[in-house]
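Reader: I am new to reading structures, and I would like to know how the descriptive words are earned. Could you take me through a few of them?

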Amino acid sequence: MDNRKSFAAILIVLAALALLPFGVSGYILGLLTLGFYTAVFAMSWDLLFGFAGEVNFGPSFLIGTGAYTAGLLNHYAIWPIWACTMAGAGAAVIGGLLLAVPALRLRGPYFGLVTLVAVLLLQNMIVLFAGTTGGEIGLDLPDVLAVDDSNNYWIALAFMGISGLLLFGLSRSAVGLILQASGQDAVQAGALGFNVTKHKLAAFCVSALFSGLAGAMLIFYEGTASVGTVVDIGVGVQVIIAAVLGGRRTILGAALGAVFLIGAGEMLRPLGELSTFVVSAVALVVILFVPGGFLGAVLHGERR
Amino acid sequence: MQFLQILIDGFAISSLYGIGAIGFTLIFGVSGVLNLSHGAIMVMAAVAAWAGAGDLGFGPYGGAAFGVTVAVLTSLVTYGLVVRPIQTSTRIAREEREIFVLTGTLLWGIMLQEAIAYFFTSNPKTVLPLIPGVVSLIGVRTPAQEILTAAVAWAVIGLLWLLVNRTKTGRVLLAASINPRGLTLLGFEMSTIYFYVWALYGLLAGIAGVLLGAFLGVSSDNVGQLTASAFSIVVLGGLGSVGGSLIGAYVVGYLETVTAYLIAPSIRTIPVLLLLVLVVYVRPQGLLGRR
């Protein structure tokens with residue numbers, strides 16, 4: 001698919017989604033809203049993993065940093081939502097830079113471990129200072145994005161659309177190609193004259209920026225910030241599964257995977273505790289048999 | 001008094017961590033796999049031992065044996081069903097295998113965890129102690145089970161040392177962890193070696209799981225934390241280094257115990273995490289790592 005065609009296809013899908021509130025119930029809209037925020041998490045993760053080749057096991061470190069910075073500022077300083085969200089995104093970028101320092105020095109499993117530890121530390125800190133942060137119960141926020149289901153849906157859709165277009169555009173640009181080259185063979189990319197460090201740092205900042213923004217907006221949508229929704233390892237695992245399911249190195253696949261995962265989780269709810277089992281099993285089967293993910297399989301079939 | 005208490009408790013918990021982590025590092029050394037379903041396999045062993053001793057009526061010893069057997073089988077299934085297909089897949093690029101194995105074993109661990117929670121609930125389970133009663137050890141009242149835990153752990157470590165240094169199979173395993181390609185050139189079949197390593201790993205993780213279940217009790221909610229602690233110990237000691245893992249286990253075990261006793265039990269893992277970040281920054285190959 002060339003770039004212009006894929007951009008046109010994205011815009012058509014977005015336009016169709018924008019009309020949805022006129023036809024479906026608030027319940028489905030709420031589900032999709034959650035799916036859209038998760039989609040931004042997964043797309044940001046895919047930029048770091050699929051393109052820069054950095055195995056980040058702690059996407060929820062960036063998400064949680066953004067969310068809790070915004071939440072605390074709103075709860076205690078009563079900053080308006082937009083200012084909190086910006087501050088959250090800024091804090092997440094600082095978190096991203098903190099992660100980038102070891103990433104540039106360490107390889108494979110070691111970096112993965114650092115990101116995992118970052119999440120555990122953040123989670124422990126939030127629980128430890130429960131008096132300020134609300135701990136495991138959560139932090140209630142005085143402000144919400146919107147009360148109406150349709151408005152919330154449109155905000156999330158617009159946010160996902162803009163983030164997706166920017167991330168997708170970036171991945172298809174020269175910068176995206178250099179990132180991909182640095183991820184696959186950093187030495188050779190450097191030998192070709194590209195500044196690997198600069199590009200990887202940029203990837204961390206962009207990924208962190210969107211993760212933080214999405215995390216902050218998600219808590220203002222839900223009206224509460226809690227460890228279970230934005231920090232827990234499980235959140236990060238879900239983001240990774242979404243990106244791998246949808247097809248890594250595609251950005252758009254990550255969004256598809258995220259919406260699918262949220263939808264599947266909801267549809268399997270009657271199974272109770274077994275629903276996580278089924279979702280994990282499906283993801284495992286996809287990894288084993290269709291390692292390219294949904295979108296990877298489609299694109300691969302087309303190329304043949 | 002409290003000092004002695006810390007010394008004894010820390011020793012028992014560290015020995016336990018040690019055998020779990022040795023299995024974890026063994027697989028990494030031989031096949032380069034970081035098994036993120038480690039915690040789930042340990043919990044499987046503990047829950048199987050609990051069910052075996054209770055509902056199935058095998059008695060405490062039969063239950064423990066049953067738990068270890070389940071762990072060995074689970075470990076072999078993990079290898080055959082998840083790890084091997086990914087390693088031999090032609091559709092996954094070589095440089096991406098690592099992340100696929102990590103994601104695959106992580107998902108498999110979640111599946112095991114959910115299955116345990118579904119069939120046995122996520123309530124904590126305490127395996128029947130093999131030896132009941134309390135003894136006084138240098139003035140500290142210590143459960144006999146705790147002494148047994150440390151003794152069994154060290155017996156296992158000793159046997160492992162004998163296996164690696166005194167038997168042919170063991171030496172092949174050691175060679176495989178140093179240079180797998182050289183071993184293939186000498187005519188050894190790697191798939192047989194992998195089979196042995198995963199069986200041995202299951203045995204170690206199973207024993208660690210059953211002992212942990214009898215010592216502290218486990219629930220399916222502990223899966224993530226157990227995997228993370230084995231991962232931390234192994235990185236601290238140096239990936240692939242058995243001696244390093246043992247040292248790492250004692251550092252982590254004592255640091256946690258000291259924190260729990262002297263500061264607060266709720267933050268027992270935080271100093272370990274900070275130490276880990278420090279080690280990874282300053283000496284990424286760990287204490288005794290080779291690279």
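**How the words are earned**

Author: Gladly! The axes of helix 1 (residues 2-31) of chain B and helix 8 (residues 190-215) of chain B cross at roughly 165° and come within 9 Å of each other. Please keep in mind that this is a predicted model.

Reader: Why are helix 1 of chain B and helix 8 of chain B called roughly antiparallel?

Author: Start with the angle, which is roughly 165°. Angles over 145 degrees count as roughly antiparallel, and therefore this pair of helices, helix 1 and helix 8 of chain B, gets that name. The crossing of helix 1 of chain B past helix 8 of chain B is left-handed.

Reader: What makes up the contact of helix 1 of chain B with helix 8 of chain B, by class?

Author: There are 20 nonpolar and three polar residues, and no charged ones.

Reader: Why does Val251(B) count as buried?

Author: Val251(B), in helix 10 (residues 242-262) of chain B, has 20 C-beta neighbours inside 10 Å. The cut-off for buried is 20 or more, so Val251(B) counts as buried. Val251(B) also lies 7.9 Å from Ser14(B), C-alpha to C-alpha, although the two are 237 residues apart in sequence.

Reader: Thr259(B) is also in helix 10 of chain B. Is Thr259(B) buried, exposed or partly exposed, and how do you know?

Author: Count again: Thr259(B) has 18 C-beta neighbours inside 10 Å. Buried needs 20 or more and exposed needs 12 or fewer, so Thr259(B), with 18, counts as partly exposed. Beyond its neighbours within four places in sequence, Thr259(B) is in contact with Ile267(B), Arg268(B) and Pro271(B). Its C-alpha atom is separated by 31 Å from that of Leu160(B), 99 residues apart along the chain.

Reader: What is notable about the phi of Ile251(A)?

Author: Its phi is positive, about 60°, and Ile251(A) is not a glycine. Most residues other than glycine have a negative phi. You will find Ile251(A) in the loop between helix 12 and helix 13 (252-267) of chain A. With 29 C-beta neighbours inside 10 Å, Ile251(A) counts as buried.

Reader: What about the phi of Thr121(B), and is Thr121(B) buried or exposed?

Author: Thr121(B) has a positive phi too, near 60°, and sits in the loop between helix 4 (97-120) and strand 1 of chain B. There are 12 other C-beta atoms within 10 Å of Thr121(B). Exposed means 12 or fewer, so Thr121(B) is exposed.

Reader: How many residues does each chain give to the contact between chain A and chain B?

Author: Chain A gives 31 residues and chain B gives 36. On the chain A side, helix 5 (108-128), helix 12 (233-246) and helix 14 (274-289) each supply at least two residues. Helix 5 of chain A has the largest share, with twelve residues. By class, the chain A side divides into 24 nonpolar, six polar and one charged.

Reader: How do you know where the predictor is confident in each chain?

Author: Look at the pLDDT values. Chain A has a mean pLDDT of 86, and 97% of its residues reach 70 or more. Among the elements of chain A, helix 3 (residues 59-77) has the highest mean, 93, and helix 15 (residues 293-303) the lowest, 69. Chain B averages 86 as well, with 99% of the residues scoring at least 70. In chain B, confidence is highest in helix 2 (residues 38-53), at 92, and lowest in strand 1 (residues 134-137), at a mean of 75. For the complex, the predictor gives an ipTM of 0.82 and a pTM of 0.85.

Conventions:
Residues numbered from 1 in each chain as written. Chains lettered and ligands numbered in written order. Predicted model: local features only at pLDDT ≥ 70, side-chain atom pairs only at ≥ 80, totals over all residues. pLDDT = per-residue confidence, 0-100. Helix = DSSP H or I, 4+ residues; strand = E, 2+ residues; numbered from the N terminus. Contact = placed C-beta atoms within 7 Å. Nonpolar A, V, L, I, M, F, W, Y, C, P; charged D, E, K, R; others polar. Axes fitted to C-alpha atoms, helices over the stretch in contact; angles between N-to-C directions. Parallel < 35°, antiparallel > 145°, perpendicular 65-115°, else oblique. Left-handed = near helix turned anticlockwise from the far one by under 90°.
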